[in-house]
Amino acid sequence: MSASIDNRHFVLRRLHSLIGLAPIGAFLVFHLWANSQSRLGPEHYNLAVVGGLQGLNYLPLIELLLIALPLAFHAGYGLVVIHSGRAEPLRYPYLANRRYWLQRLSGLAVLGFLLFHLWMTRAQTLIDPMVRADLYGHMHGLLSQPWALGLYLAGLLLSVFHLANGLWSAAIVWGLTTTPRAQRLSGWVSLGLGASLAALGLHGLLGFLG
Ligand code: HEM
């Protein structure tokens, strides 16, 4: 009985990890790149980026299968993992342990931010045709308010941290980095990747203020 629960947890844990990398992690990279095109101005962003994506065939199905369902599973199982965690960092205040808890805390914060972000963007495009026609203008208005800019900045940095730190831990989970040296090296690689993604995301945020 307990062996079958362990087996189930093992499979779900691997699935959770895999889904965090792709499609969710891959989508986050694509999303930041797509939005960095706000730097090219309202017309380009509304017509080429938003118009191009909205014109894709089977878009609702793609969004459901590649984004909504995987994210719901990753967030749902992430909450189970957090709920069943132990208070280890109080006893072992090492870097790896801090990373372990920061991964969980950033996951919770990203969940809150994503709900807000979805409400302010995807939901508004469904409710209001004016927002659908000019998403750049809508984001410009939103991000011109300091509280919203601060919230988006925090949401961006936390999401990027969660993905970069997650890449580091996933390499251990999948047995790619087994020695301390390999883990130190992959720590630098994920730091570089995280810094590049943060810069890309920041570029996009600034583009909406232009
Ligand atoms: C931008 C969206 C997200 C991306 C790209 C993402 C990506 C990842 C990645 C790559 C990992 C590493 C998997 C591993 O260690 O094997 C991970 C771990 C984790 N994620 Fe997410 N995630 C996202 C959102 C969330 C949300 C909304 C939650 C909700 C609580 C969450 C909770 C967790 C937890 C708890 C872990 C650690 C799992 C463990 O160590 O067992 N994630 N995530």
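**Helix H7 and its surroundings in a predicted model**

Author: In helix H7, the buried residues are Tyr-152, Leu-156, Ser-159, Val-160, Phe-161, His-162, Leu-163, Ala-164, Gly-166, Trp-168 and Ala-170. The model is a predicted one, in which local features need pLDDT of at least 70, side-chain atom pairs count only at pLDDT 80 or more, and totals for chains, interfaces and linings use all residues. Residues are numbered from 1 along each chain as its sequence is written.

Reader: What makes a residue of H7 "buried"?

Author: A residue is buried if 20 or more other C-beta atoms, placed from the backbone, lie within 10 Å of its own; 12 or fewer make it exposed, and values in between make it partly exposed. Across the chain, 16% of the 210 residues count as buried. The cover over the buried residues of H7 includes H1, H4, H6 and H8.

Reader: What counts as a helix here, and how many helices and strands does the chain have?

Author: Helices are DSSP runs of H or I with at least four residues, strands are runs of E with at least two, and both are numbered from the N terminus. By that rule the chain has eight helices and zero strands, in the order α-α-α-α-α-α-α-α. The C-alpha atoms occupy a box of roughly 55 × 35 × 30 Å along the principal axes.

Reader: Why does the span of H7 agree with what its 28 residues should give?

Author: The expected span is 1.5 Å times one less than the number of residues. For the 28 residues of H7 this comes to 40 Å, and the end C-alpha atoms are 40 Å apart, so the two agree. For H1, with 34 residues, 50 Å is expected and the ends lie 47 Å apart, which also agrees.

Reader: What bends are found in H7 and H1, and where are they centred?

Author: The bend at a residue is the angle between axes fitted to the seven residues ending there and the seven starting there. In H7 a kink of about 25 degrees is centred on Leu-167; in H1 a kink of about 35 degrees is centred on Ile-24. Ile-24 is also one of the buried residues of H1, together with His-16, Gly-20, Gly-25, Leu-32 and Asn-35. H3, H7 and H8 are among the elements that cover them. Pro-23 is in H1 as well, and the peptide bond between Ala-22 and Pro-23 is cis, with omega of about 15 degrees.

Reader: What makes a set of residues a "nonpolar core"?

Author: The members must be buried Ala, Val, Leu, Ile, Met, Phe, Trp, Tyr or Cys residues, joined through C-beta atoms within 7 Å. The largest such core has 14 residues, of which Tyr-136, Met-139, Leu-143, Val-160, Ala-164 and Phe-208 touch the most other members. Helices H6 (135–143), H7 (146–173) and H8 (180–209) each give two or more residues to this core, and H7 gives the most, with six.

Reader: Which residues is Leu-143 in contact with, and what does "contact" require?

Author: Two residues are in contact if their C-beta atoms, placed from the backbone, lie within 7 Å. Apart from neighbours within four places in sequence, Leu-143 meets this with Ala-148, Leu-149, Tyr-152, Leu-205, Phe-208 and Leu-209.

Reader: Which residues come nearest to the ligand, and what decides that a residue is near?

Author: A residue is near if its C-beta atom, placed from the backbone, lies within 6 Å of the molecule. Around the ligand there are 28 residues, and Ser-17, Gly-20, Gly-78, Gly-107 and Gly-166 come nearest. Helices H1 (2–35), H3 (59–83), H4 (95–127) and H7 each contribute two or more residues to the shell; the largest share, eight residues, is from H7.

Reader: How many residues of this shell are nonpolar, polar or charged?

Author: There are 15 nonpolar, eleven polar and two charged residues. Ala, Val, Leu, Ile, Met, Phe, Trp, Tyr, Cys and Pro count as nonpolar, Asp, Glu, Lys and Arg as charged, and the others, Gly among them, as polar.

Reader: Why is Gln-124 classed as it is, and is Tyr-58 buried or exposed?

Author: Gln-124, in H4, has 16 other C-beta atoms within 10 Å, a value between the two cut-offs, and is therefore partly exposed. Its contacts beyond four places in sequence are Val-131 and His-138. Tyr-58 has 9 C-beta neighbours inside 10 Å and so counts as exposed. Tyr-58 lies in the loop between H2 (42–54) and H3, and has a positive phi of about 60 degrees although it is not a glycine.
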